[in-house]
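Subject: A structure for you to explore

Hello,

Here is the structure I promised to pass on to you. Have a look around it first, and then read my notes below.

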Amino acid sequence: MLIFVKYLKLHKMQENTVKKDFKLRVEKFLERQEFMKHIGFDLSVIEEGKTEGWLDIQEIHKQQKGLVHGGVTATIADIVAGFAAYTTVPMDCHVVTAEIKVSYFKAGMGEKLHAIGYVVKKGRKLNFCEAEIWAVDGEERSLIAKATTTMAVINPEDINHKMNA
């Protein structure tokens, strides 16, 4: 019983450390987000359970009719939802997208896209998240898509088990 109590205290200390260090962890991970850099997407808000980012719409982001490609919209929804989930896991854990569903409401046009991701329900193995994608044209904002995601938590033992299998 004493060992279990010590474990709980240590776990609480680690959780508090995670809450203090999640922004630094995300910023460090962003350095290696090559695809995100490639499309020009930047996270501007990193809070516990929530992230936001902006994309300046350029020709590379558009499909044949001049509208933002649905894949770009899905990608930035995945990024903000994933990093929102990542802010809630212990330091030695990661998250990966297990499922994503994107509902498109309007065509993506304008100057910028604003993506907001947040954790709806945090779990030990799965985090349920949502993301909103807004098209911004001057002062006008339009909700163009909403995504629901399931982010799987990857523990160190999950990775070690796979590596040794």
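Let me begin with one residue, T51. Its side chain reaches the backbone oxygen of V80, at 2.7 Å. Please keep in mind that this is a predicted model, so every value here is computed from predicted positions.

Where does T51 sit? You will find T51 in strand β2, which covers residues 50–56. Is T51 buried or exposed? T51 has a relative accessible area of 0%, and because buried means under 20%, T51 counts as buried. If we skip the neighbours within four places in sequence, the contacts of T51 include L43, V45 and I46, as well as V80, F83 and A84. T87, A115, I116 and G117 are also in contact with T51.

F83 is a good residue to visit next. Again leaving aside neighbours within four places in sequence, F83 is in contact with T51 and L43, and also with V26, F29, L30, Q33 and M36.

Now for the nonpolar core. The largest one has 36 residues, and the members that touch the most others are F41, L43, F83, L113 and I133. Several elements give two or more residues to this core: helices α1 (2–30), α2 (34–39) and α3 (70–86), along with strands β1 (41–47), β4 (112–121), β5 (126–137) and β6 (140–154). Which element gives the largest share? That is α3, with 10 residues.

Stepping back to the whole protein, there are four helices and six strands. Read from the N terminus, their order is α-α-β-β-α-β-β-β-β-α. Of the 165 residues, 37% are buried. The protein exposes about 10,100 Å², and carbon and sulfur atoms supply 57% of that area. Among contacts with a separation of 6 or more, 65% are between residues 24 or more positions apart.

Finally, a word on cysteines. A disulfide is a covalent bond between the sulfur atoms of two cysteines. How many disulfides does a search of the whole structure find? The search finds zero. Two cysteines to look at are C93, which counts as buried because its relative accessibility of 3% is under 20%, and C129, which is buried with a relative accessible area of 2%.

Enjoy exploring, and write back with any questions!

Best wishes

Note on methods: Residues numbered from 1 in each chain as written. Predicted model: local features only at pLDDT ≥ 70, side-chain atom pairs only at ≥ 80, totals over all residues. Heavy atoms only, no water. Disulfide = S-S within 2.5 Å. Buried < 20%, exposed > 50% of the residue type's maximum accessible area, 1.4 Å probe, protein only. Contact = heavy atoms within 4.5 Å. Areas by Shrake-Rupley, 256 points an atom, 1.4 Å probe, with all protein chains shown as cover. Polar contact = N/O pair within 3.5 Å; in protein donor to acceptor, adjacent residues only side chain to side chain. Core = buried A, V, L, I, M, F, W, Y, C linked by side-chain atoms within 4.5 Å.
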